[in-house]
Each structure stands twice: as C-alpha cells, then as structure tokens.
Amino acid sequence: MTTLLEARYRAVLRLLPAYYRREREEEMVETYLWDVDQETQDQSRPTLGEVASIVALAVRSRLGAGGVPRRYAVLGSAVRLFALFAVLLQAASAVVDRVLGLTWASTRGGSQWDMFTDGFTGHGVWAGAVAAAQWFLPLLWTVAYFALLRDHRRLAQTSALVAALPTLLPLVDLWARDFAPSDSAYVVAAAVLACSTALALCAAHHRDAPPAALPAGAPGLVFAACCVLMGGSVVALPGGVDTVWALVTCYLVTALAWLLYRARGERRVPAEEAAALAALGLLLLAVRITAVYPWLDVLPGALRVGVLTQAAALVALTAALAVVSGRDLLSRGT
C-alpha cells in the first residue's frame, strides 16, 4: 500500500526527466523511505533539503552530457556555450569600459579626473561603497571567464554571481521610486542579461558536465581580440557611442565570422553553438533597444543610424542562427 509520504516523494521526483525516473525512481524512493517508521509516513513530508537536492538533480539531468538522451545533451551543450559566450562578452566589455574611462579621465586634465573621483567620494560612505562596487565588481566577469576555461568551476560560478550583483542595485532603486525613469527598461534588460549568464553558468557547468572549451582559438587570444574589437569600435566614434555599442558590435562581428567559418564548404553548423549564439543575440537585442529607445529622438543623425543598423543586424543574425539551429536539429531527428 502506498503511503502518503511515498506519494509525496514520487510527486517531487516528477521534476526529474522521464529517462532518469525510469532508471532510478524506485531506488530513490526506497532510499528516502528506508529509515522512516511505517506508522509515521502518513504524517511526514520530504524535507526542504531533499526537495532542493532533487531540484538540483533535475537541472543537472536536463543539462546533461554523455549517457543522456540526445535532446538533453544538446540542451546542456547549448546552455554551457551560451554561458561561456556571454561571460566572454561581458568580461571584455567590463575591461574595455574601465580602461577607456581611466584613460580619458587621466589624459584630459584635472577637471576630468576630479569628475571621475567625485563618483566615489563626497557622497557618504554608503554611496561611495556602492559606486566602488559598481565599478570594480564587473571585472570579476574576467575572473569567471578564465576560471571556467581552466575548469575551476566553483571559482567561475562565484565570480559570475558576484559580477552580476551591480546590475541588481539599480533594480532596488527602481523599486523604491514612485515613478519609472526613462532608463528603467534598460536597467531591467541589463539585469536579465547578467543574471541569466550567471545562472546558466551555475546550472549547466555542474560537476558532471565536461570541461568548458571555446569552439576555436586560445582563451587569451580570443579575449584580447574581443577587447581590441570593442575598444576600436569606441575609439573610431569617440563622440557618439553608448554603453551598449561596443558589446553589440563585438557580438555581431564575432558571431557573423563564426557563422561564415562554420558554414564554408561542406562544414556543418553545430546546432548547440547556433542556439547559444541565438539566445545571446536575443538578449542583446533587448538591451540594444531599451538602451536607445528613450533617446532616439535626440540622438545625432549618425549615431541614430548606427544603433538602428545594429538593431536590424541583431534581428537578422539572431533569426539566421535560430534557423540554422532548428534545421540541424531536424536533420538529426532531435
């Protein structure tokens, strides 16, 4: 006879994918009920720790690697690549933004340097601490990138979670306001990009996942190339770029170059890589649109054309990547 506790365990185990339940459900239920007295099973419930462990197992089994059904292997690989690509872009963006900012402040006279340091001083200890956190913590994306590629997963996950924190601070400020400022949509989109990157890294690069690896190129060279590309895109138009310009430019150039490289000749474009880049492109499109929309009417003509071209290119490239990924999955029966 099935007890209420057993029914509750089986209900929680439904979080696991079907293939895993077929292999392990009976064994797991027996283990959970092993030391529970039969007479108390109708008054007992799974503990929070047990439920949390089952949820974590459900994530790992759905984002699996070897020995799992193909659709879960593809999903796991795509999420891992998405996390890697997103961490790379945000790491390069954080470094370039701060290097260019320091260069500008230190070479344009004392007034510019005073303006830079004023953001950290003269507004109270708490405001100074928040400003310092928002300036320094995003640099941990770089730590997360190199730690991940050296298979230091715990360090990479911790660094990514901490690096994403500064994007949540403006959300707290929005919550406290009685009105929505013009950049509120951008604040939300930036937080979604950072937090989805950190959560994807933590979820998909679990202990059973294979080591992270770039599809092509050495980690240091790829990072340096992204930094040079971002910095060059800003320096080329020093009088009119926003905080998203370099990030989106780097994505467009590298994703298009990758797509052309993979598609040349008879090469097959891997569905996992295309899906990861398509997901990243979709998030960047949201960031691009929300960053520029409130100011579209007051932007200089050249910058308006540039950001609208970026948005159109993001739509086209993301759609192409989604089609490529779907076609490959259908051709392989996934």
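Partly exposed means a relative accessible area between the buried limit of under 20% and the exposed limit of over 50%. The exercises below use a predicted model.

**Exercise 1.** Find where Asp151 lies and what is unusual about its phi.

*Solution.*
1. Locate the residue. Asp151 sits in the loop between α7 (140-149) and α8 (153-164).
2. Read the backbone angle. The phi of Asp151 is positive, about 65 degrees, although the residue is not a glycine.
3. Set that against the usual case. Most residues other than glycine have a negative phi.
4. Check the surroundings. Asp151 has a relative accessible area of 36%, so Asp151 counts as partly exposed.

**Exercise 2.** Count the disulfides, then explain the result for Cys227 and Cys250.

*Solution.*
1. Take the cut-off: the two cysteine sulfur atoms must lie within 2.5 Å.
2. Test Cys227. Its closest cysteine sulfur is in Cys226, 7.1 Å away, which is too far for a bond.
3. Test Cys250. Its closest cysteine sulfur is also in Cys226, at 3.7 Å, again too far for a bond.
4. Give the count: zero disulfides.
5. Add the accessibility. Cys227 is buried at 15% relative accessibility. Cys250 is buried at 0%.

**Exercise 3.** Name the buried residues of helix α1 and work out how they are arranged around the axis.

*Solution.*
1. List them. In α1 (residues 4-13), Leu5, Glu6, Tyr9, Val12 and Leu13 are buried.
2. Look down the axis. These residues cover an arc of only 125 degrees, so they are on the same side of α1.
3. Recall the helix geometry. Residues three or four places apart point the same way, because an α-helix has 3.6 residues a turn.
4. Find the partners. The buried residues of α1 pack against α2 (18-33) and α3 (48-62).

Conventions. Residues numbered from 1 in each chain as written. Predicted model: local features only at pLDDT ≥ 70, side-chain atom pairs only at ≥ 80, totals over all residues. Heavy atoms only, no water. Buried < 20%, exposed > 50% of the residue type's maximum accessible area, 1.4 Å probe, protein only. Helix = DSSP H or I, 4+ residues; strand = E, 2+ residues; numbered from the N terminus. Arc of directions from axis to C-beta. Contact = heavy atoms within 4.5 Å.
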